Each structure stands twice: as C-alpha cells, then as structure tokens.
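These are my notebook entries on a structure that I went through entry by entry. I wrote down what I looked up and what I found.

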Amino acid sequence: MLDSNQTVLIEDVQIPVGDGALSGRIYRPVAQPETVVVVNSATGVPRDYYKHLAQWLASDRDIACLIYDYREFGHSKSGPQRRSKISMADWALQDMPAARAEMRRRFPLAQQWSVGHSLGGMLGPVQPDIDTIDRMICVCSGLVKLGDHPWPYRALAGLFWYGHVPLVVRGMGYLPGKALGFGTDLPPKVYWQWRKWCTAPHSYLPEIGDTLPQAKWQDADVPVDLFAFTDDEMVPEAAVWRLADLYGPKSRP
C-alpha cells in the first residue's frame, strides 16, 4: 500500500525465525533504494514507536526501513508470554540477524545499515553476521550498571531489579509491564536475563566466548556511531563509553 502522500510503499511482512516469526513493516521509496535500514528496538518498545523515523527515511532520504517486534513481544507475540522460552540472547543472536537477512534478500545491492536503540545497539558486539553490515548506529545504547543511574532514578531502577518486580515476575510467570507501569509485557527469560546483565559488574561480558559469540568489530571495516544524551537517566554517558570500548577504536561516540 501507499502512504497518504503516495511517495512511500508500506508492506507488512512475516519473517520466519526458529519456530516463530517476526512481525515487521517495511517502508520504502518508490525508487529502488541505495541504502536500507533495519531498526533493532529497545527492550519493551514496540515497532510502531519508530514508524515516523521509517516514514521520514523512506520519503525524505529514499532509504528503505524495516521496523519489527522481537519474538513473543508486540505484534510478534504468538501466545501467553508465561509459556515463552525466548531469551534476550535469542533476540540478539537470531531475531536481529533474521531481520537483516530479510532486507538483504529484498535489496541485495543496497548498503545495509543497522540502527540499534538501547538494547538494539547494546547487543551489537555479539552479532554473528557483522560481515554483512555496512554501518552500525547505536542510539542511547550502553553497558549499564545500577551505579550509573543518577538519583532518584537509581532508586526506581533498584526497585525494578531488587524490589517488588522480580517477586511479581516469579508469581505471574512473566513481566506484567502494563500493570506495573512499565508499559509493555515481556517474557520471563527476557526479564531475568535483562536483570542479570544490568546488575552484574560487567554486564554480559563474562559470557562472551562461552554462551555468547564475539563480533570482531575492531577487525572489520565497518563504521560504528554511538549517540548519547547528557540528560539520559536510563543509559547515562558512562555506560555508552563502556560500550564504545567494546566495539573497538573505530567506533565514534
């Protein structure tokens, strides 16, 4: 279908991954794009949050853009989340590469850019297919520790990780984010792995080489741009610079 200005083609897609699928939406210019973007969203942020970015890229920059929901979340939810076995690592190692593969299949001659918001950039260093990425852009992404947050936000984060929230997740079998004021519901393994990485001294780094691979960004000729905001209480600058070190000397904060 076309948008109201008749300048952008919009297509809903289902991208098979494992036993499930990613529900996505592609915004593309009428002309064949020279660059395509895959938006890897932040934790708990539905794909439509990025629709205005996708619309702008397609209409004003002639760039095709895919927005999508990770498995067992948002439009990609297939059943009760309490029954889900999907983890945050599954999103990183399977869902993100599958989304890129779909855009490479559709636009094999185009430059392939990945834009990661928060989680979507935080897990860039473990991506298994960086040889097919031409540019990585991370927005508000970092290796966050509880001590990075300023007060009083640190108190709220502490409650989310150590207060009533983990008790509710154990009792309900999933994260009832809507009821708790978080905004969206999440599968249990996603919450527990998120909690583990955000409360550990070195995030997921100890798992690299064991349960997680390591993408050799420092050996790849791929520009990596990281954007931070001085007033970001959720992902402060210190966490962003920590992630930049993991991407290597070629990253550009």
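I began with Glu-102, which is buried because its relative accessible area is 10%; buried means under 20% relative accessible area, exposed over 50%, and partly exposed in between, with a 1.4 Å probe and protein chains only. I noted that this is a predicted model, in which local features need pLDDT of at least 70 and side-chain atom pairs count only at pLDDT 80 or more, while totals for chains, interfaces and linings use all residues. I also noted that residues are numbered from 1 along each chain as its sequence is written, and that side-chain values use heavy atoms, with hydrogens and water left out.

**Entry on salt bridges**

I looked up the partners of Glu-102 and found a salt bridge with Arg-105, where the closest N and O atoms are 2.8 Å apart; a salt bridge is a side-chain nitrogen of Lys or Arg within 4 Å of a carboxyl oxygen of Asp or Glu. Both residues lie in helix 2, 3 residues apart, which is about one turn of the helix; helices (H or I, at least four residues) and strands (E, at least two) are DSSP runs, numbered from the N terminus. Arg-105 is exposed, since its relative accessible area is 56%.

Glu-102 also forms a salt bridge with Arg-106, and here I read 2.7 Å between the closest N and O atoms. This pair, too, lies in helix 2, with the two positions 4 residues apart in numbering, again about one turn of the helix.

Which residue does Arg-106 meet in strand 1? I found that Glu-11 forms a salt bridge with Arg-106, with 3.0 Å between the closest N and O atoms. This pair links distant parts of the chain, as Glu-11 is in strand 1 (residues 8-17) and Arg-106 is in helix 2 (residues 88-106), 95 residues apart. Glu-11 is partly exposed at a relative accessible area of 36%, and Arg-106 is partly exposed at 26%.

I then put these pairs together: Glu-11, Glu-102, Arg-105 and Arg-106 are linked in a network of salt bridges. A search of the whole structure gives 11 salt bridges.

**Entry on cysteines**

How many disulfides does the structure hold? I found 0 disulfides, where a disulfide is a pair of cysteine sulfur atoms within 2.5 Å. Cys-65 is in no disulfide, and its nearest cysteine sulfur, that of Cys-138, is 15 Å away. Cys-65 counts as buried because its relative accessibility is 0%. Cys-140 is in no disulfide either, with the sulfur of Cys-138 as its nearest cysteine sulfur at 11 Å. Cys-140 is buried, with a relative accessible area of 13%.

**Entry on the backbone**

I stayed with Cys-140, which has a positive phi of about 55° although it is not a glycine, and which sits in the loop between strand 6 and helix 4. I looked up Pro-152 and found it in the loop between strand 6 (135-139) and helix 4 (153-162). The peptide bond from Trp-151 to Pro-152 is cis, with omega near 5°.

Glu-72 has a phi near 60°, which is a positive value in a residue other than glycine. I located Glu-72 in the loop between strand 4 (64-69) and helix 2, and I wrote it down as buried, with a relative accessible area of 14%.

**Entry on the surface and on a distance**

Is Lys-178 buried or exposed? Lys-178 is exposed, because its relative accessible area is 62%, and its place is in helix 6 (residues 177-180).

I looked up Val-168 last and found it in helix 5 (residues 164-172), partly exposed at 23% relative accessibility. From Val-168 to Asp-210 I read 42 residues in sequence and 30 Å in space, C-alpha to C-alpha.
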